[in-house]
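Me: I have a model open on my screen and would like to talk through what its labels rest on. Could you take my questions one at a time?

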Amino acid sequence: MRKCAAFFVSLGMMLLSNVVPVFAAGTSEHAAVSVPIWMCIPFAGLLLCIAVLPLVAGEWWEKHQPLAVAGWAILFIVPFAVVFGAGMATETVLECLINDYLTFIVLLFGLFCVSGNITMEGDFAGSPGVNTGLLLMGTILASCIGTTGASMLMIRPVIKMNSWRRHKRHLIVFFIFLVSNMGGCLTPIGDPPLLMGFMRGVPFFWSLHLLPILIFNTAILLFVFYHLDKKRYRRDIARGRKPDISKPGTEFRIEGLHNLIFLVMIVAAVILSGTLPNLPMFQDTAGNVLGIHIFGEVTLGFPSIIEIVIILLAAFLSFRTTDVSIRRRNHFTWGAIKEVAVLFIGIFITMQPALMILKANGAELGITEPYQMFWVTGALSSFLDNTPTYLVFLTTAGTLGFQSGIATTLGTVSIPALTAISCGAVFMGANTYIGNAPNFMVKAIADENGIRMPSFFGYMLWSLAVLIPVFILDTLVFFL
């Protein structure tokens, strides 16, 4: 533990240095520029608003979210343009919006639409055993259809089966832990960081190496959840609450099942986005991905366009072929996806200085041991986009001169290092609401259905109390 403490102290001192040299993506010469640490203030301010304003000014925040997000984005863009020029600021923002946010929000939108047209109903009450089984099912599905797909597919049935209960916020918290995050670690489909690794030479099925860690963590979390849920279930029963069912557990049906076809379409689109850029027909003579030129060096690649078209087509066909009564029974509204779209466009824009600092200094952090890679990748993935964070430390690992391991386009990466980076990026996205997009979407849907979810800091207390001890065990068992 002394080694860990000393490491994080040195990391913190590095990040607090006044000026950080970075290579600015988007400049034609890739010139080195110096990004002051104060340019991260808008990102910190936006996170503070997300954490505090719902508690102290809930009505104002709900009504004026777009205005607040736009304000913080402008507070980043204008100083950045003054320091580095309007051209570079435009390129930086467009690169972020076109090649990161656009595909991100289209994927969430498609999964949100398709999953909203599938309903699961039956005589299952939200008992500890049933809830534990639902969490296990969602965790398994997450690696097959992605954490977002599994979250959107499972959250409404989980809420409906527990609608009679008073104490259920813990159920949604553990749902986020397992279904929205950890379950996605076994395939590149499961979580975007692993897809980026696949695009850079990590074998598609390599992530199955993480299965023992997933089983270990899932067993611990489900054990804790079952006993916590049993205690609160008995409290609800003692207060006279009973599920509205006549023959428990005898009937179960799924409607809108044909939408699984559209779910498969979306999964296929994600896989194509990871494979098409490597094909010669989608590359120019210099190996760059072909696409539509937007501004400067910002290009919307043809593989991304294909992905977007397939996802939007799947969402359109899902709505055209599904009876509106299914959406009514799911209490389907657009509120959750609107909130995520607004908040995350601000997060994507304002976090650019933090990502630049990270990219410039990743190789200088002295990160060589698996436990270091696990904790640093995870800690940063809790607040920043876990995909670029994963790529930074994968690149760092590729420069360490490993003689054996996985041969990637970034260099040879040892299996312990790749395991630690992958687990850190995927698992620790569960530490905050903004660590992974499904987290916030699940929270928003739960809020819409009358479940009082923990605040931003309240949720972090849950992750500190439940997840951090699990991650410490992971370190001792798998990464030392």
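Me: Let's start with charge: how many positive and negative side chains does the protein have, and how far apart do the centres of the two sets lie?

Reply: Happy to help, and please keep in mind that this is a predicted model. The protein carries 28 positive and 25 negative side chains. The centres of these two sets are 15 Å apart.

Me: What makes the protein as compact as a globular protein of its length?

Reply: Let me begin with the secondary structure, which comes to 18 helices and eight strands. The radius of gyration is 22 Å, and the globule rule gives 23 Å for 480 residues; the two values are close, so the protein is as compact as a globular protein of that length. Along the principal axes, the C-alpha atoms fill a box of roughly 70 × 55 × 45 Å.

Me: What share of the residues counts as buried, and what does the accessible surface come to?

Reply: Of the 480 residues, 54% count as buried. The accessible surface is about 20200 Å², and carbon and sulfur atoms make up 68% of that. As for contacts with a separation of 6 or more, 80% of them join residues 24 or more positions apart.

Me: How do you know that Cys49 and Cys185 are not in disulfides?

Reply: A search of the whole structure finds zero disulfides. The cut-off is 2.5 Å between cysteine sulfur atoms. For Cys49, the closest cysteine sulfur is in Cys40, 16 Å away, so the pair is too far apart for a bond. For Cys185, the closest cysteine sulfur is that of Cys423, at 6.3 Å, which is also too far for a bond.

Me: Why are Cys49 and Cys185 called buried?

Reply: Buried means under 20% relative accessible area. Cys49 has 14%, so it counts as buried. Cys185 has 0%, so it is buried too.

Me: Why is Arg327 called buried, and which residues is it in contact with?

Reply: Arg327 has a relative accessible area of 13%, so with the cut-off at under 20% this residue counts as buried. Arg327 lies in helix α11, residues 324-329. Beyond its neighbours within four places in sequence, Arg327 is in contact with Gly116, Asn117, Phe319, Thr322 and Phe332. Ala150 is 177 residues from Arg327 in sequence, and their C-alpha atoms are 18 Å apart.

Me: What makes Leu313 partly exposed?

Reply: Partly exposed covers the range between the buried limit of 20% and the exposed limit of 50%. Leu313 has 41%, so it is partly exposed. This residue is found in helix α10, residues 302-321. Leu313 and Gly110 are 203 residues apart in sequence, with 8.7 Å between their C-alpha atoms.

Me: What is the phi of His331, and why is this residue called partly exposed?

Reply: Most residues other than glycine have a negative phi. His331 is not a glycine, yet its phi is positive, about 55°. His331 sits in the loop between α11 and α12. Its relative accessible area is 49%, and exposed means over 50%, so His331 is partly exposed.

Me: One more: how do you know that Gly149 is buried?

Reply: Gly149 has a relative accessible area of 0%, and the cut-off is under 20%, so Gly149 is buried. Gly149 lies in helix α5, residues 128-161. Gly138 is eleven residues from Gly149 along the chain, and 9.6 Å separates their C-alpha atoms.

Conventions:
Residues are numbered from 1 along each chain as its sequence is written. Side-chain values use heavy atoms; hydrogens and water are left out. Buried means under 20% relative accessible area, exposed over 50%, partly exposed in between (1.4 Å probe, protein chains only). Helices (H or I, at least four residues) and strands (E, at least two) are DSSP runs, numbered from the N terminus. The radius of gyration is taken over C-alpha atoms; the globule rule is 2.2 Å times the number of residues to the power 0.38. Contact means heavy atoms within 4.5 Å. Accessible areas come from the Shrake-Rupley method with a 1.4 Å probe; for residues, only the protein chains shown count as cover. Lys and Arg count as positive and Asp and Glu as negative; His and the chain ends are not counted. The place of a charge is taken as NZ of Lys, CZ of Arg, CG of Asp or CD of Glu.
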